[in-house]
Amino acid sequence: MSSSLFEEVQTPPSGDISVRRVTINVNGEPRTADIEPRLLLADLLRQGLALTGTHKGCDTTNCGACTVLFDGRPVKSCTMLAAQADGHNVQTVEGLGTASELDPVQEGFKQEHGLQCGFCTPGMMMSAKALLERNPNPTEDEIRWALSGNLCRCTGYQNIVKAVLWAAEKMRSN
Amino acid sequence: MSLDEIKIGGMGASRRRVEDNRFIRGKGNYVDDIVLPGMLHMEILRSPVAHARIKSIDTSAAWDMPGVRLVLTGEMMAARNLAWMPTLSYDTAAVLATDKVRFQGQEVCAVIADDPYIAKDACAKIVVDYEILPVIVNPVQAAAADAVQIRDDKEGQVGNKVFDWEIGDKAKTDKAFQDADVVSKLELHYPRTHPSPIECCGSIADFDRATSKLTVYMTSQAPHIVRAAVALVAELPEQNIRIVSPDIGGGFGNKVPVYPGYVISILASILTERPVKWIEDKTGNLISTGFGRDVYLKGEMALRKDGKILAFRMNTISDHGAFFADAQPSKFKIGLMHSTFAAYDIPNAHLFATGYYTNKAPGGVAYRCSFRVTEAMFFQERMMQAAADDLGMDQAEFRRVNFVKDDDFPHRTAFGFLTDSGQYGKCLDIALEAINYKNFEAEKAEAAKRGRLLGIGISTMTEPLGAGNSREYDILGIKMFDSAELRVHMTGKAILRTGAKSQGQGHETTWAQIVAHELGIPAEDIVVEEGDTDTAPFGMGTYASRSTPVAGAAVAMVARKIRAKARKIAAHLLEVSEEDIEWELGRFYVRSNKDRGVTIQECAMAAYSNMPDGMEPGLENTAYYDPPNLTWPFACYICKVEIDPETGVWDVLQFVAVDDCGVRINPMIVEGQIMGGLTEAYAMANMQYQTYDEEGNCIGANYMDFLLPTAWETPGWELYEVVTPCPHHPIGAKGVGECATVAGPAAFVNAVVNALKDKGVRNIDMPLMPNRVYEALTTGKDVGGMPPVRSGD
């Protein structure tokens, strides 16, 4: 993949690589790009759209740092082709909250010290967000199970669980 | 009226973290997030085999690919005297292989291309012809008389031995063993593991031909050491080198060394005159960068019948991989292994250590651990349990009998360390109470009725955290101290910079709290910056739990220098002599009239607008702190497990952690460090390790084989606190980041082995996977020990 393959950059793609046009609704805005079919969704988001909050940790669907919401469901964008997202909705960490107001999940992570180095945090929050959308009142076990696709090396998870409980309570009281 | 220290975010406040504001918005700035104009991308071709002579390398097809700008080989590096580089332990390591490859995953070629996909494609086009050589995967093979020599590049190297090293009084120790009532023995393997931060290593080198300035953005826990290394290795003038560590996605010791990828990206940028980005993938990180542990430990303890330990002696055999690259003080070949048993009053000791080269990845061997103390304390606490069992003594009581007592500090250990302070007995009491130790036998009997085995394991230790002092601790001759620079602006706001580098420890939050404590400036008025060698004062970086003990002390000291100058300004503003001035948090006042005073902010304004005659303007200073001693925190962990004898699966029923790390600057952050450390301890005890098959293939090269615990497996942690202020630290703090990783593993293993004690089991090597536990409980035999290592489990 290369930034030169994006429509925004007015240079034509080099060589004989076939190019495909996709339109993806990213954080509520339709974004169109001409991409190589093999381009990964995570790379489109990070390099093509400069949404670097979606992190790449393992490239193998294990760590979950690249988790985004795909039509509301958490998926690992490092092993999904950008072409598969054509015509779909993708929400990244940049789509959580607004410039002036944090999403309760973001606030919960800060209040309960649910992060240290911050690298797994965006993916972890997206998984938490998906959980709370379908289950506004999760138990500790339900949270641990829902986040078991996201690895954190710093926190030991206890404060992440607390952060999600904090967010759940905040969302219920809103 | 004095300020409320907690309200201004001073010491003791569980202040919410400043850095979180960007991280929770996805606005962190990690190295892979940085994009420079005209940037190229680099990919490394790694060796698929563990030991082979390189017969030829054909890069022509890679060069022919559109978008490829440069293909680098070892020969091209050698032409520039960069094929080899020094390690942190006075050895050499290959940057790109020239003669042989010596471990699977070793760097062989690098491709620099317009985008990372093309660079990867081009790597696949390179043809390397290897002549396969015999492979050595453990120290027993390495020591064999007919073993192939791995380091035939080194003049004077005989065989595969790296070093022999010893410490202690052998004669006195041997004599103590002759006088012993009971001699207890244990041998075990602390398996190879990997720090594996979620973010891998990476760099962007940007050489500007016009200015001769080299800027390198990189994942380094110690950017100043890198600047020095680049100046010495690449022979670039140091003033033209700028190393920037942006946000780091976890380090745990993995990001201390200088790796080939960094060096190659620098040369690639010099040659292409373009910025070159290198981002390692997970397999590259796991199979080529600094691992942890891989030590065989064997020891004996001389005991009196009443439980008093008379002496211990130990042998260690460590596996260093292909290059001796330990990041450790140069005086000590096996790190601070000799800090073992420091919590106990033992008069005589002897340690003999041997290290070997093998065809495995080299490494810093640091993994959330101050220079091998993890192995030292693990062996210590496993040995304590075995000895208590041999004596037929209660394991808690055995420890208590041998603890250094509260009023015996400072205490000189048999190996010469000076432990500073502690309340070991109190910590143990709290833990025993919390886990209801007295009731354990009854619980165990109850569980037995359900067909389950219960075990309880204790781990108590003090460890040396916060290298230096500079008398004894250096890396490659650079003394281990640290620094802080504080600039108070005229409105009383400030910027603080240190020579440390946070990787999640929260320095931006806690350093400001120390300044708030010393000066009464609210923490929110202080910005903290680290990691840019052009702006931060020189320091040795963050590892070995040294930030708070060393850089944190420098922060307090520089704030005190600022306060001393502000006091002179206050005297001038209040028109009294300096001797008549008193200080309370945030304010100077006249001793005879407390209402007459000036705030620190008023002093700051005066430093730029109304200073006394003859005073140098401004309110800025720098402090370098060389600690008089290491700090000695104490940890007491007790774990209770239940084993299903039909499967060997064990569950943690309760885990109690009592930590005494001295004064806590931000209790929330300290607890976060402890819980994270316990989880890594649980990982090592339960599932996380790397082994190699007979051909030298790394088993544990991705997250499907190298297992990290998820939220689902990880048990809950119960934390308790004891505070014994460090007597020699300016704010009484001790290191803490590694305590839980160091003391934790033995608590789990002791608990599982305790459950199987009645079956005659004395040791199971980590990780305690169900198959190993099942084997032990069905055979009544130990599982693990000295090599040859069992493979395939």
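Here are three short exercises on how parts of this predicted model pack against each other.

**Exercise 1. Work out how the two domains of chain A meet, and which strands of domain 1 take part.**

Step 1: Find the pieces. Chain A splits into domain 1, covering 3–95, and domain 2, covering 104–173.

Step 2: Place them. Take the C-alpha centres of domain 1 and domain 2 of chain A, and you get a separation of 24 Å.

Step 3: Look at who touches whom. On the domain 1 side of chain A, 16 residues are in contact with 13 residues of domain 2 of chain A.

Step 4: Pick out the strands. In chain A, strand E3 (67–70) and strand E4 (73–76) each give at least two residues to the side of domain 1 that touches domain 2. The largest share of that side, three residues, belongs to E3(A).

Step 5: Sort by class. The side of domain 1 of chain A that touches domain 2 of chain A holds seven nonpolar, eight polar and one charged residues.

**Exercise 2. Describe the packing of helices H2 and H3 in chain A.**

Step 1: Get the geometry. Helix H2 (residues 104–111) and helix H3 (residues 121–134) of chain A pack at about 125°, and their axes are 9 Å apart.

Step 2: Name the arrangement. Angles over 145 degrees would count as roughly antiparallel, and 65 to 115 as roughly perpendicular. The angle here fits neither, so H2(A) is oblique to H3(A).

Step 3: Add the handedness. H2(A) and H3(A) cross in a right-handed way.

Step 4: List the residues. H2(A) brings A:Val105, A:Gln106 and A:Phe109, while H3(A) brings A:Thr121, A:Met125, A:Ala128, A:Lys129 and A:Leu132.

Step 5: Sort them. The contact of H2(A) with H3(A) comes out as five nonpolar, two polar and one charged residues.

**Exercise 3. Now do the same for helices H10 and H18 in chain B.**

Step 1: Geometry again. Helix H10 (residues 373–391) and helix H18 (residues 739–755) of chain B pack at an angle of about 30°, with axes 8 Å apart.

Step 2: Name it. Angles under 35 degrees count as roughly parallel, so H10(B) and H18(B) are roughly parallel to each other.

Step 3: Handedness. The crossing of H10(B) and H18(B) is right-handed.

Step 4: Meet the residues. Among those in the contact are B:Met377, B:Phe378 and B:Arg382 from H10(B), plus B:Pro745, B:Val749 and B:Asn750 from H18(B).

Step 5: Sort by class. You should have nine nonpolar, four polar and two charged residues for the contact of H10(B) with H18(B).

How values were computed
Residues are numbered from 1 along each chain as its sequence is written. Chains are lettered from A and ligands numbered from 1 in the order in which they are written. This is a predicted model: local features need pLDDT of at least 70, side-chain atom pairs count only at pLDDT 80 or more; totals for chains, interfaces and linings use all residues. Domain bounds come from an automatic or database domain assignment. Two residues are in contact if their C-beta atoms, placed from the backbone, lie within 7 Å. Helices (H or I, at least four residues) and strands (E, at least two) are DSSP runs, numbered from the N terminus. Ala, Val, Leu, Ile, Met, Phe, Trp, Tyr, Cys and Pro count as nonpolar, Asp, Glu, Lys and Arg as charged, and the others, Gly among them, as polar. Axes are lines fitted to C-alpha atoms, for helices over the stretch in contact, and angles run from 0 to 180 degrees between N-to-C directions. A crossing is left-handed if the near helix is turned anticlockwise from the far one by less than a right angle, and right-handed if clockwise.
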